[in-house]
Protein chains: 2
Amino acid sequence: MAGVSTGTVSNALTGKRPVAEASHQRILTAIAELGYQPNLMARGLANQRSHVLSVVIKELSDLGFYGYSSALTGIQREANRLGYSIMLHFVNSSAEEEIFATLDQIRARRADGIIWAIHEVDGNRDWVRDIRPEDYPPLTFLHMHPDPALSVVAIDNQAGASLAVAHMIEQGARTIGIITGPADWWESQSRLAGWQHALEQANLDTGSSLVVAGDWLAESGQKGLETLLNQRPDLDAVFACNDTMALGAIYTAHRCGLSIPDDLLLVGFDNTPEAESYWPPLTSIHQGLRQSGQIAVDELHQIIESGKNEHISPRQHILQPELIIRRSSMRDKI
Amino acid sequence: MAGVSTGTVSNALTGKRPVAEASHQRILTAIAELGYQPNLMARGLANQRSHVLSVVIKELSDLGFYGYSSALTGIQREANRLGYSIMLHFVNSSAEEEIFATLDQIRARRADGIIWAIHEVDGNRDWVRDIRPEDYPPLTFLHMHPDPALSVVAIDNQAGASLAVAHMIEQGARTIGIITGPADWWESQSRLAGWQHALEQANLDTGSSLVVAGDWLAESGQKGLETLLNQRPDLDAVFACNDTMALGAIYTAHRCGLSIPDDLLLVGFDNTPEAESYWPPLTSIHQGLRQSGQIAVDELHQIIESGKNEHISPRQHILQPELIIRRSSMRDKI
DNA sequence: TTGTATGCGTTATCAA
DNA sequence: TTGATAACGCATACAA
């Protein structure tokens, strides 16, 4: 008799109930011969558990890829370790229409959890207030404004920006401009606040002529520095809110015959792998993006495993960034 | 009576059979009230169709993110349009162990199709020969060596490289070095062949002292140009096989006091958004990565819809890249 | 230790 | 046009 019942096969595969060694062997060889693969849709249906994590990000095009890519790497590694598959969703606008279309898709797929990693823009997280939590799987927000009512994993952007600016002050800078991201992004606001805080600590100018908004792309860094130089001929340092815009600023400095760091100090944010090959090599703020992705998965996994009925109180994970010093900010060259 | 049978609900939602207007309305309002979402796992189980596409890429960390990110964007857009969800899988090594673990996961999830977008390295696609095709869903290879027996969407890397080199020859270059990617990558080999072809056409030197291998990262571009300059003091142009390594080459040129383009012409590959903010702005080869992702999805969709039993003969899509000229390669400045 | 029966949420078949 | 009923492939409670 080659036959074994389906129940026994199930037990052999999941190991939830003991199976005789003989049967176990027969099942294994049969599986190998037939090229059998368990159907995870059926299993999910029976278990009410899909072992799928939905990750929602903004469309990667145009935008800096580095942030999303790094976070995704951390997410994927940890998810894989814990036995989850990753479903990827893109959202482009802040239109509620699109957001709810995505959420519906996630619900329909019965994902076990959601990592919401859309950069926060004024008001584009309001939908959370409007939904019935019991309709959705556990939800963790990645790289967004901490909120005690929600599960959030984020970088301390303000502290990072302060780190950058304080460092330039220490190097002797007195008139420090900033090229921010779009004004409605939380990250922009947070880094701007950090810049301002560090300057106030040192009693330095924080006037609006020192602030210009970019859009994270290199070209806006070019124009940003142009504008700053026009507004403040006495400018002696710049904090660019990401490395890509810093690259644009370097471009403009070259074009204007200004030497970095001799005439102008420069610090970026992100610490992309390329930053050390800029000319000059760029001082930058390192965020633990991979780590934050990992933490988000762990957090979610914990909530999922807990049964989520016992209403775990949401946790806030705030990671501290780190200053990586390179030549672009060193007044006295080595 | 508020009751309608499940079958009618199914028909109302899928529209596969006519439903009375009255019932239809009642169903719609009930759905809205209850916050009902169809269970796609159950639907998939019944339909033998998951409406999931599995995308397999190499882990993004360290590697240049640009290529994968762009392709992923194209894939996601088209998949979304056609009603597929995207499952993302990472593979790191060429170990068959890891490859088959990934393939097993995909099979277990019953994906409708696979986009295999791991950069090809010597022999790491051999597994295709060992599998029984009937065990797997339709499979399309993205950015790999065309193979008449397989469905492939790729860029013509050789043509792109030739474009780059021919352009520099036209600008007056006579001793043109190349910084390739890792020697075992198909892309590297292909671009190297294009470099060689263009030089032979013009009866120029293709000696091994003009070739140095990088690893796609900026730092290898730095060292690459150093090596080339040591080996060939007469070097007057360089083709870097991606923009990131070109950035490294620019670094070294600056460090050595060489002017690009006055002393050295430089062309990259990828045409990343940052390339135009390098100093000098970088001439580069534009690949239609987003488009190739889209084509891969369309291709797959077509095979899936066809029922795949009628053995569609696999198609090869080869996209032609494009030369984007910027200052780094212009002998006579404007 | 193993087989049998039932349910998971959907679609499809067949009557009504 | 609709309602019952049997798959789909797995897990599980209950018997054996």
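Which residue has a polar backbone atom 3.0 Å from a phosphate oxygen of DNA strand D? In this predicted model, the residue is Ala20(B). A second residue of chain B, Ser23(B), places a polar side-chain atom 2.3 Å from a phosphate oxygen of DNA strand D. Chain A also takes part, with a polar side-chain atom of Asn47(A) lying 3.4 Å from a sugar or linking oxygen of DNA strand D. Two or more residues of the surface near DNA strand D are given by each of α1 and α3 of chain A and α3 of chain B.

Among these elements, α3(A) contributes the largest share of the surface near DNA strand D, namely four residues. There are 22 residues around DNA strand D, and those that come nearest are Ser10(A), Tyr36(A), Asn39(A), Arg43(A) and Ser23(B). Of the atoms of DNA strand D that come within 4 Å of the protein, 85% belong to sugar and phosphate. By class, the surface near DNA strand D holds nine nonpolar, ten polar and three charged residues.

DNA strand C is likewise surrounded by 22 residues, of which Ala20(A), Ser23(A), Ser10(B), Tyr36(B) and Asn39(B) come nearest. Sugar and phosphate make up 82% of the atoms of DNA strand C found within 4 Å of the protein. Three residues of chain B illustrate the polar contacts to phosphate oxygens of this strand. For Ser10(B), a polar side-chain atom is 2.3 Å from a phosphate oxygen of DNA strand C. The corresponding distance from a polar side-chain atom of Tyr36(B) is 2.8 Å. Asn39(B) instead uses a polar backbone atom, which is 2.5 Å from a phosphate oxygen of DNA strand C.

At least two residues of the surface near DNA strand C come from each of α3 (40-47) of chain A, α1 (6-14) of chain B and α3 (40-47) of chain B. The most is given by α3(B), with four residues. Nine nonpolar, ten polar and three charged residues form the surface near DNA strand C.

The two protein chains were compared by superposition. A turn of 180° with a shift of 0.0 Å along the axis lays chain A on chain B with an RMSD of 0.1 Å. The two copies are therefore related as by a two-fold rotation axis. Of the interface residues of chain A, 100% are also interface residues in chain B, so the copies meet through the same surface.

Within chain A, helix α1 (residues 6-14) packs against helix α2 (residues 21-34) at an angle of about 90°, and their axes are 10 Å apart. This angle makes α1(A) roughly perpendicular to α2(A). The contact brings Thr8(A), Val9(A), Ala12(A) and Leu13(A) of α1(A) together with His24(A), Ile27(A) and Ile31(A) of α2(A). Five nonpolar residues, two polar residues and no charged residues make up this contact between α1(A) and α2(A).

Several backbone features lie in loops. Most residues other than glycine have a negative phi, and most peptide bonds are trans. Gln48(A), a residue other than glycine, has a positive phi near 55°, and is located in the loop between α3 and β1 (52-58) of chain A. In chain B, the peptide bond between Ile260(B) and Pro261(B) is cis, with omega about 10°. Pro261(B) lies in the loop between α10 (243-256) and β9 (265-267) of chain B. A cis peptide bond also runs from Trp279(B) to Pro280(B), with omega near 0°, and Pro280(B) belongs to the loop between β9 and β10 (284-286) of chain B.

Notes. Residues numbered from 1 in each chain as written. Chains lettered and ligands numbered in written order. Predicted model: local features only at pLDDT ≥ 70, side-chain atom pairs only at ≥ 80, totals over all residues. Heavy atoms only, no water. Axes fitted to C-alpha atoms, helices over the stretch in contact; angles between N-to-C directions. Parallel < 35°, antiparallel > 145°, perpendicular 65-115°, else oblique. Contact = heavy atoms within 4.5 Å. Nonpolar A, V, L, I, M, F, W, Y, C, P; charged D, E, K, R; others polar. Near = heavy atom within 4 Å. Polar contact = N/O pair within 3.5 Å; in protein donor to acceptor, adjacent residues only side chain to side chain. Least-squares fit on C-alpha atoms with pLDDT ≥ 70 in both.
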